[in-house]
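Here is a friendly walk through a two-chain structure, meant to be read with the model open beside you. Take a look before reading on.

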Amino acid sequence: MTSNAKISIRQFSVLIMFYTIGTTILVIPSSLAADAKQNAWIAAIAGWLLGLLIVAVYMVLGKLFPHMNIIQYLAHVLGKWFGKLIALGLIFFSFIGAATVIFYMGNFMTTQVMPETPIEAFIVLFASLIVLGLRLGLEVLARTAEILFPWFVILFVILALFLIPEIELEKIMPITEFGIKPIMKGAVSYASYSSLPLIVFFMIYPASLNRNKEAGKAFFIGTFLGGIFVIIVTFLSISILGVDFTERNMYPSYALGKQIIIGNFIQRVEILIAGIWFMTIFFKSALYAYSFVTGLAQIFECKDYRPLVLPSGMILAAYSLIVYPDVVYMMDFDTTVYIPFSLVFGLLLPLMLLGAGILHKRMIK
Amino acid sequence: MVRLLSVLVSVFLLLSLLSGCWSRRELDELGIAVGIGVDKAANGYRVTTQVVSPGEIAAARPSGNRTPVTVYETTGSTIFEAIRKITTKSSREIYLAHLRVLVIGEALAKEGIHKALDHFSRDHEVRTDYFVIVAKGATASDVLKVLTPIEKIPANYLYLALDSSQKLWAPTATITLDELITDITSEGKNPALSAVRVIGKQISQTQKNVESIEPPGFLKYSGLAVFRKDKLIGWLNEKESKGYSYITNNVESTVGAIACPGGGKIAVEVIKSKTKIKGKVRNGKPNIDIVVKMEENVGEVECEIDMTKRETISELEYAAKLRVEKIIKNTIKKVQSDLKVDIFGFGEAIHRADPAAWKTLKQNWDEQFAQLDFNVNASVKIRRIGTVANSFHKEGVE
């Protein structure tokens with residue numbers, strides 16, 4: 001019924017890290033700056049801590065079913081039909097997630113990098129890559145992540161080093177102007193972008209890991225590391241571009257890359273930042289898609305998920321073209337609808353499941 | 001069979017790539033715009049675009065009787081329309097990524113520039129590393145039509161002259177679009193842009209201008225244009241502009257003259273300068289402390305003074321300190337009394353120091369700024385005195 005793919009603890013951490021960074025690094029500085037102004041970086045830290053808290057809940061939940069994935073567990077605890085109903089909701093969440101992330105990628109490319117190339121070209125290419133990755137399976141995806149990890153770190157460190165001379169600490173002052181409320185608001189939106197969607201990892205975690213016991217720790221480490229990258233980018237955006245510019249810019253971290261001018265020859269390197277995203281966005285969309293396809297296969301009790309990959313990829317590519325009718329709709333959706341949407345599946349569902357699971361265990365005894 | 005088929009299919013798919021990108025733009029199809037000027041027109045904008053004529057710039061032997069750049073002037077109700085309209089006059093598509101300067105005409109600047117700037121911040125092709133300047137007593141179109149000696153591309157001249165005068169002489173401001181927009185939107189700071197004047201307008205537009213050893217027509221930076229939000233409200237002269245650069249910590253190097261104790265003058269070169277602005281609020285009244293730390297070298301001695309004595313140096317240091325403090329004080333006073341607009345970012349300093357008090361102060365910050373108290377405290381260290389100790393004046397030229 002499920003693939004018996006096993007990935008190592010380290011691969012799992014790297015996947016989690018890429019997934020946490022995902023699209024977050026692209027958009028979060030701007031939405032944090034809108035809420036918390038010059039304290040956006042504090043909001044990022046708060047969001048990161050909140051995210052770790054959520055992951056702690058996930059870890060407890062994971063201990064309840066060390067040898068099942070979430071779809072099996074839902075059926076196990078809630079009964080076959082009701083469990084499958086909830087599972088449908090979860091794969092719907094993954095589906096929307098995958099489509100929106102692919103759209104993000106295409107939209108960024110047509111807005112900033114290659115404006116005359118139709119968005120369909122990027123989306124089809126990117127979706128084919130995901131289809132390829134999913135057909136090759138989880139192990140291949142995980143190994144790819146492991147190989148790309150050092151490159152990601154090198155690129156990121158180079159960029160951060162080049163940006164250090166541009167930092168103006170005055171731009172993050174005064175620190176305690178607006179109090180705690182906007183920071184918390186920012187933290188919630190951070191968590192909803194980068195931590196709550198981690199729920200889709202329950203398709204892998206904890207059953208598909210080779211050393212089950214350490215899986216929780218790996219989950220935690222991945223989120224921990226990913227958050228640090230996002231905090232650094234937010235801090236750099238605020239302290240270099242300033243609040244106003246960060247808030248107004250659609251892709252502040254890309255604008256950050258444009259700031260690098262060293263000795264008139266190291267310049268115009270913003271595409272390196274884009275390179276970083278291609279990696280993280282690929283893993284984010286691939287994992288969303290993986291969760292969607294394997295979830296679908298399980299609900300309908302297919303033997304293998306692979307035959308579903310190509311059609312699902314085509315549906316995803318087509319759907320990502322219409323998931324947001326326009327860019328303003330996207331911004332509106334992300335700030336209003338998406339947060340409660342991800343709260344339902346990323347927090348409410350695991351909490352419910354946790355309660356139901358504990359109850360179920362007691363009843364069996 | 002399947003294998004053969006898949007090979008064939010992939011070969012055919014690869015064929016489709018041979019035609020290249022569909023959005024390719026060859027270099028010889030692009031008109032590279034280096035300067036853009038925006039002026040007011042009857043209904044909308046008059047946009048002047050300076051485009052490089054590659055045959056004259058790149059060829060080993062330019063024909064010589066053609067100008068190295070050409071200028072297109074178009075009008076439109078919006079900037080974007082006006083730029084696209086250039087295609088009716090130009091054989092090449094205008095490419096904006098190498099823009100060096102954006103010139104704003106005086107008349108438009110007085111009316112407000114924020115509407116005109118949106119396109120430049122929104123368009124993906126325009127980068128943000130060019131300077132924004134204001135044409136003083138002229139239209140932007142006049143500025144972009146001057147042919148300059150040495151630099152074949154006048155927009156490059158505008159860029160480089162501004163950059164070097166900022167670095168070596170200080171009374172100019174190299175403001176890019178991002179910084180300008182940040183200043184316009186800031187509650188505690190208003191923008192100031194470098195002003196450029198056109199001298200000898202009639203003659204400057206033809207090749208004749210660069211044929212004489214001293215071109216009769218030329219461009220010259222002169223001080224700063226002061227804005228309230230996005231509207232031009234006045235000008236600063238060279239000295240005041242230097243004061244502005246000192247206050248905003250933009251002096252890299254400059255030269256100033258100080259009087260000798262016994263008459264005559266000494267010129268000193270600033271080699272390092274760092275300004276810190278500290279704001280505080282006392283009894284609801286804003287107060288600004290400006291601390292300048294400078295290092296200088298002596299560059300010219302035109303009086304009889306014993307440069308070998310340590311007392312002389314400390315006397316000079318004191319005189320130099322007073323000089324800088326005076327420049328800064330005069331600048332602030334002039335801006336407070338005449339222009340009444342905070343271009344120095346004092347409001348931001350108050351905001352950083354006391355966010356709670358700032359909430360009430362910002363309501364009428366322009367008035368608050370006009371009567372705000374400030375202290376200037378400069379400290380000058382003279383490090384070197386050049387390659388000679390005492391001047392040869394001393395050995396009795398009498």
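How many residues does helix α1 of chain A have, and what distance does it reach from its first C-alpha to its last? This is a predicted model, so please read everything below as computed from that prediction. Helix α1(A), residues 9–21, has 13 residues and reaches 19 Å, close to the 18 Å expected at 1.5 Å a residue.

**Helix α1 and its surroundings**

Of the 13 residues in α1(A), 11 are buried, so the helix is largely enclosed by the rest of the structure. Among the buried residues of α1(A) are A:Phe12, A:Leu15, A:Ile16 and A:Phe18, along with A:Gln11, A:Ser13 and A:Thr20. What do the buried residues of α1(A) pack against? Their partners in chain A are α2 (24–36), α7 (138–163), α8 (180–194), α9 (215–241) and α12. Following α1(A) comes A:Gly22, with a positive phi near 20°.

**Helix α12 and its crossing with α5**

One of those partners, α12(A), deserves its own look. Helix α12(A) has 30 residues and spans 43 Å from its first C-alpha to its last, close to the 44 Å expected at 1.5 Å a residue. Since 22 of its 30 residues are buried, α12(A) is largely enclosed by the rest of the structure. Just after α12(A), A:Glu301 takes a positive phi of about 55°.

Helix α5 (residues 80–113) of chain A meets α12 (residues 270–299) of chain A: the two axes come within 8 Å and cross at roughly 155°. The two helices are therefore roughly antiparallel to each other. The crossing in which α5(A) passes α12(A) is left-handed. By class, the contact of α5(A) with α12(A) has 18 nonpolar, five polar and two charged residues.

**Helix α5 and its crossing with α4**

Helix α5(A) also meets α4 (residues 70–78) of chain A, where the axes come within 7 Å and cross at roughly 145°. Is the crossing of α4(A) and α5(A) left-handed or right-handed? The crossing of α4(A) and α5(A) is right-handed. On the α4(A) side the contact includes A:Ile70, A:Ile71, A:Leu74 and A:Leu78, while the α5(A) side includes A:Lys80, A:Phe82, A:Ile86 and A:Leu90. By class, the contact of α4(A) with α5(A) has 10 nonpolar, one polar and two charged residues.

**A loop tyrosine in chain A**

A:Tyr324 sits in the loop between α13 (306–322) and α14 (327–364) of chain A. With 19 C-beta neighbours inside 10 Å, A:Tyr324 counts as partly exposed, because a residue is buried at 20 or more. Which residues does A:Tyr324 touch, leaving out those up to four places away in sequence? They are A:Phe103, A:Tyr329, A:Met330 and A:Phe333. A:Tyr324 and A:Leu129 are 195 residues apart in sequence and 22 Å apart in space, C-alpha to C-alpha.

**Chain B**

Turning to the partner chain, chain B has 14 helices and 13 strands. Its C-alpha atoms fill a box of roughly 95 × 60 × 60 Å along the principal axes. Of the 398 residues in chain B, 40% are buried. Among contacts in chain B between residues at least 6 apart in sequence, 73% join residues at least 24 apart.

Most residues other than glycine have a negative phi. Two loop residues of chain B with a positive phi are set side by side here.

| Residue | Phi | Loop in chain B | Exposure |
|---|---|---|---|
| B:Lys229 | about 50° | between β8 (218–228) and β9 (231–236) | partly exposed, 15 other C-beta atoms within 10 Å |
| B:Asn283 | near 50° | between β11 (265–282) and β12 (285–301) | exposed, 5 other C-beta atoms within 10 Å |

**Where the chains meet**

How many residues does each chain bring to the contact? Chain B gives 11 residues and chain A gives 15 residues. On the side of chain B that touches chain A, the elements giving two or more residues are α8 (177–185) and α12 (346–353) of chain B. Helix α8(B) gives the most to this side, with three residues. By class, the side of chain B that touches chain A has one nonpolar, six polar and four charged residues.

Definitions and conventions:
Residues are numbered from 1 along each chain as its sequence is written. Chains are lettered from A and ligands numbered from 1 in the order in which they are written. This is a predicted model: local features need pLDDT of at least 70, side-chain atom pairs count only at pLDDT 80 or more; totals for chains, interfaces and linings use all residues. Axes are lines fitted to C-alpha atoms, for helices over the stretch in contact, and angles run from 0 to 180 degrees between N-to-C directions. Helices (H or I, at least four residues) and strands (E, at least two) are DSSP runs, numbered from the N terminus. Angles under 35 degrees count as roughly parallel, over 145 as roughly antiparallel, 65 to 115 as roughly perpendicular and the rest as oblique. A crossing is left-handed if the near helix is turned anticlockwise from the far one by less than a right angle, and right-handed if clockwise. Ala, Val, Leu, Ile, Met, Phe, Trp, Tyr, Cys and Pro count as nonpolar, Asp, Glu, Lys and Arg as charged, and the others, Gly among them, as polar. The expected span of a helix is 1.5 Å times one less than its number of residues. A residue is buried if 20 or more other C-beta atoms lie within 10 Å of its own, exposed if 12 or fewer, and partly exposed in between; C-beta atoms are placed from the backbone. Two residues are in contact if their C-beta atoms, placed from the backbone, lie within 7 Å.
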